[in-house]
Amino acid sequence: MDTASGSTTIVAVDRDPLVLLAVSRRFEPIPVLRMQLSLVYYQIESVLTRSALVAVFNKAPGYDLRRLLGGTEKLMGRLLDSFLTDSGSLLGAYPSVPLPITRRQRLAVHLGQAMKDSRAMHGMLCTQGAVLCALTAPGRPTLTQWEILLLLNLVSTLRDEEAITPFCLPQGDPNALLHVYVRRLGRGPARGAGPAAPGAPALPLDVVLLIPGAPDRQRLSSTAEALARTVAVVASSPELAVPELPSSVGGGRPGATPLLFFIYRMAGGPQFVASPPVQDAGLQQDIILVLSQLRASMYDRGSEVDGPMTSLRVEQRRRLTLAGVLQREGELLAAFDGLTDADEATTRCERLLRWLRSQHMAWFA
């Protein structure tokens, strides 16, 4: 049973044969803690498969699971760290890279050909923890947002230019191991670092292919080499950094605008886009925490199925002013500096939301 007493919140999630427990003193909403625990369980399943978990605990109910998870410390640690600064477990969605629809369509054509050549079930092109394009072979169930979040977490822990590792899709087929092939196709400058040199990719680009059966490394490598020729397609992708936004919707350098950070999610969908994290890591953690509290309060006694209890909410905290707008087309969460009053925050959110809606198709993979 979930409980909250004083500054401590305890949440338990039963995923037979495991029970996962979270104890938090950060005042995180209970639904967010449940999502975090579910992601931890799915990450365990992605490594071991559900059938292996059940078999182990049927044979030895007191088995120490850490023995089977040896070597996954970096994978699990990165997932836990992401709960502090990333928006995925706050929204139950994965990050999408803003890209003009024509460029995304070109990427989809090349990725689809790579999947045919490599006989992949699923394919993704991603960069710096966000998705440019995701495809599924005909007749296969699409990847869920949870599986994409797990794959992004896996990719973030790999350091080799090319890697093949076993992976289970915990919602697609929790009892089968596939193989994930990851290839780094570009090493451009970081997002927000300015224009790339002529002929160079604007972003580092990773190709992710999920292969059934035994992987053919030579086939996969040649497929990736052919796909590498499309890297330049992602050059000059739109940037959602606050300083790069039009001033009419709240963009500007720090100090010239009160807007610090925002998240825009496809209404009821599995994807979101966000401005880059603020440079102060501690402040970014605070922003993610208080935005999770704001969003939970908007759904208080409601649900994402039934709809929010309120479509607009503004709160002022010690260092921040927070605003949430939930509409049919999309959902906007924004953090402003603490000097911003409720009327100004509301007006700025309305302008930013209109601008985001006007380019809706460019934001989502």
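## A walk through the fold, starting at Thr49

Thr49 is buried, with a relative accessible area of 6%. That makes a handy place to start in this predicted model. The backbone there is worth a look too: Thr49 isn't a glycine, yet its phi is positive, at about 75°. You'll find Thr49 in the loop that links H1 to helix H2 (50-59).

There's another residue of this kind further along the chain. Gln128 also has a positive phi without being a glycine, this time about 50°. Is Gln128 buried or exposed? Neither, as it turns out: Gln128 counts as partly exposed, because its relative accessible area is 42% and the partly exposed class runs between the under 20% of buried and the over 50% of exposed. Gln128 sits in the loop between E5 and E6, and those two strands take us into a sheet.

Start with the pair itself. Strand E5 covers residues 122-127 and runs antiparallel to E6, with six bridges joining the two. To pick out one bridge on screen, go to His122, whose partner in E6 is Thr136. As a bit of background, strands in a sheet pair through backbone hydrogen bonds, and they can do so in a parallel or an antiparallel way.

Now zoom out to the whole sheet. What is the order of its strands? Reading across, it goes E6-E5-E9-E8-E7, five strands in an open sheet with antiparallel pairing. At the edges are strand E6 (130-136) and strand E7 (162-169), each of which pairs on one side only. Going from one strand to the next, the twist averages 20°.

Which helices lie on this sheet? Helix H1, residues 30-48, lies across E7 and strand E8 (173-184), and it runs at about 115° to E7. Helix H7 (residues 217-228) packs on the sheet as well, touching E5, E7, E8 and strand E9 (206-211). The direction of H7 makes about 50° with that of E8. H1 is also the helix that leads into the loop holding Thr49, so keep that one in view.

H1 turns up again at a cavity. The structure holds one cavity of 30 Å³ or more, and the space in the largest cavity comes to about 70 Å³. Which residues lie nearest its centre? They are Glu28, Gln36, Phe83, Ile288 and Ser292, out of 13 residues that line the largest cavity. At least two lining residues come from each of H1, helix H3 (73-85), helix H4 (88-91) and helix H8 (281-298). H8 gives the most, with four residues.

One more backbone detail is easy to miss. The peptide bond between Asp16 and Pro17 is cis, with omega at about 15°. Pro17 lies in the loop between strand E2 (8-15) and strand E3 (18-24).

Finally, step back to the chain as a whole. Ten helices and 14 strands make up its list of elements. Of the 365 residues, 49% are buried, Thr49 being one of them. Among the contacts with a separation of 6 or more, 61% are between residues 24 or more positions apart. On the outside, the chain exposes about 17200 Å², and carbon and sulfur atoms supply 52% of that area.

Key
Residues numbered from 1 in each chain as written. Predicted model: local features only at pLDDT ≥ 70, side-chain atom pairs only at ≥ 80, totals over all residues. Heavy atoms only, no water. Pairing = 2+ DSSP bridges. Axes fitted to C-alpha atoms, helices over the stretch in contact; angles between N-to-C directions. Contact = heavy atoms within 4.5 Å. Buried < 20%, exposed > 50% of the residue type's maximum accessible area, 1.4 Å probe, protein only. Areas by Shrake-Rupley, 256 points an atom, 1.4 Å probe, with all protein chains shown as cover. 1 Å grid on protein atoms, 1.4 Å probe; cavity = no way out; pocket = protein on both sides within 12 Å on 5 of 7 lines; lining within 4 Å. Points joined across faces, edges and corners; volume = space filled by probe spheres on them.
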